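Dear colleague,

Please find below the structure that I am handing over to you. My notes on what was found in it follow directly after.

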Amino acid sequence: MSNAETRPVEMRCGASDADGSAPQPPVEVLTPRDVPLGGPRAMTVRRTLPQRSRTMIGAWCFADHYGPDDVSRTGGMDVAPHPHTGLQTVSWLFSGEIEHRDSLGSHAYVRPGELNLMTGGHGISHSEVSTARTTVLHGVQLWVALPAEHRDTARDFQHHVPAPVRIGEAGIRVFLGTLAGTASPVRTFTPLLGAEIVLAPGASLTLPVDPGFEHGLLVDRGTVRLAGTELRPAELAYVHPGRDTLDLVNGLDGPARLVLLGGTPFEEEIVMWWNFVGRSHADIVRARQEWEEASDRFGAVEGCPGARLPAPALPHATLTPRRNPPRA
């Protein structure tokens with residue numbers, strides 16, 4: 001998905017001005033902001049990453065949560081060809097269907113319980129359109145920053161359908177990394193975890209996790225407690241490295257659905273603006289110019305009617321690389 005804000009702010013991934021002297025809470029709760037994508041019938045997403053207090057979780061640098069949207073009212077998703085650099089896009093749906101086309105020549109569909117992961121290292125472009133079969137669109141769009149040694153890697157596209165597994169009263173689909181005795185075959189460039197968890201009404205779950213990872217838990221549906229901290233829908237909880245289990249409780253009479261993200265702390269400074277991830281202001285300026293000039297860097301999306309998305313105007317200030325708050 002494009003960051004389709006008409007006046008995108010600089011998205012600083014990788015650290016804040018905090019000095020790390022304050023004690024870190026066991027669970028930090030990140031609240032979303034609403035971002036309309038497009039025109040008067042725009043679909044609104046709830047964005048929890050990046051923000052100034054916590055810009056990354058592992059290499060996860062962007063998290064949009066949307067729906068359930070009645071597409072007859074919102075118009076659904078209709079994102080014309082747009083570029084990406086320096087990142088991987090992760091599409092995961094709860095309902096609906098999205099048609100994906102990219103400049104690698106991929107033509108695929110995003111469906112509930114199926115992962116589409118696209119790598120836009122040196123440069124790629126793609127389009128995303130909800131299909132005529134879609135009545136309700138609901139899901140998450142996530143971005144992963146590529147480390148410096150791989151940020152100019154070649155275009156790639158992977159599709160994977162993870163088999164569901166059960167632990168007690170929880171159903172789990174692991175779309176990236178390893179969890180609950182199952183591993184995703186999808187390639188990433190830093191250690192990552194991505195999984196959907198559905199927790200039965202009134203159920204508790206103690207989930208073993210990698211203590212070297214930091215974790216984020218996004219609540220899609222229901223209200224849950226993580227290590228005693230209550231989380232409401234659309235909130236994203238952050239847990240520092242060092243924990244080898246996550247304790248979840250669904251105290252309500254309906255199922256709770258969650259998206260668990262994790263990864264080793266990303267120590268590099270990066271700049272993220274519009275759909276580009278770079279290491280400097282100059283990287284962003286160059287990528288924007290090459291997109292506007294229809295450079296071969298991004299290729300062309302075949303079979304998608306309509307014009308490419310124009311890049312927004314650059315801010316008048318210099319885009320400055322930053323990093324996450326230092327760990328205690």
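**Findings**

The charged end of R54 is placed over the ring of Y238, at 3.8 Å from its centre. A second arrangement of this kind involves R257, which lies over the face of F94, 4.2 Å from the ring centre. Please bear in mind throughout that this is a predicted model.

As to the overall make-up, the protein has 27 strands and 2 helices. It comprises 328 residues, of which 55% count as buried. Its accessible surface comes to about 13200 Å², and 50% of that belongs to carbon and sulfur atoms.

Turning to the interior, the largest nonpolar core has 33 residues. The residues with the most contacts inside this core are W60, C61, V90, L115, L142, F175 and L176. At least two residues of the core are supplied by each of several strands, including strand 5 (60-70), strand 7 (87-95), strand 10 (115-120), strand 15 (170-176) and strand 25 (256-263). Strand 12 (136-145) is also one of these contributors, and the largest share of the core, 5 residues, comes from strand 12. With residues up to four places away in sequence left out of the count, L142 touches W60, F62, A63, Q88, T89, V90 and L261. Another core, of 27 residues, lies apart from the largest one; A195, I197, F213 and L258 are among its members.

A group of histidines also deserves your attention. H126 is found in strand 11, which spans residues 124-130. Because its relative accessibility is 1%, H126 counts as buried; the cut-off for this class is under 20%. The side chain of H126 makes a polar contact with the side chain of H82 at 3.0 Å, and another with the side chain of H84 at 3.2 Å.

Finally, I turn to the aromatic residues. A search of the whole structure finds 6 aromatic pairs. In one of them, the ring centres of W291 and F298 are 5.6 Å apart and the ring planes stand at 90 degrees, so this pair is edge-to-face. W291 and F298 are both buried. Ring pairs also link these two residues with W273, W274 and F276 into a cluster.

With kind regards

How values were computed
Residues numbered from 1 in each chain as written. Predicted model: local features only at pLDDT ≥ 70, side-chain atom pairs only at ≥ 80, totals over all residues. Heavy atoms only, no water. Core = buried A, V, L, I, M, F, W, Y, C linked by side-chain atoms within 4.5 Å. Buried < 20%, exposed > 50% of the residue type's maximum accessible area, 1.4 Å probe, protein only. Helix = DSSP H or I, 4+ residues; strand = E, 2+ residues; numbered from the N terminus. Contact = heavy atoms within 4.5 Å. Polar contact = N/O pair within 3.5 Å; in protein donor to acceptor, adjacent residues only side chain to side chain. Phe/Tyr/Trp six-rings, centres within 6.5 Å; stacked < 30°, edge-to-face > 60°. Lys NZ or Arg CZ within 6 Å of the ring centre and 35° of its normal. Areas by Shrake-Rupley, 256 points an atom, 1.4 Å probe, with all protein chains shown as cover.
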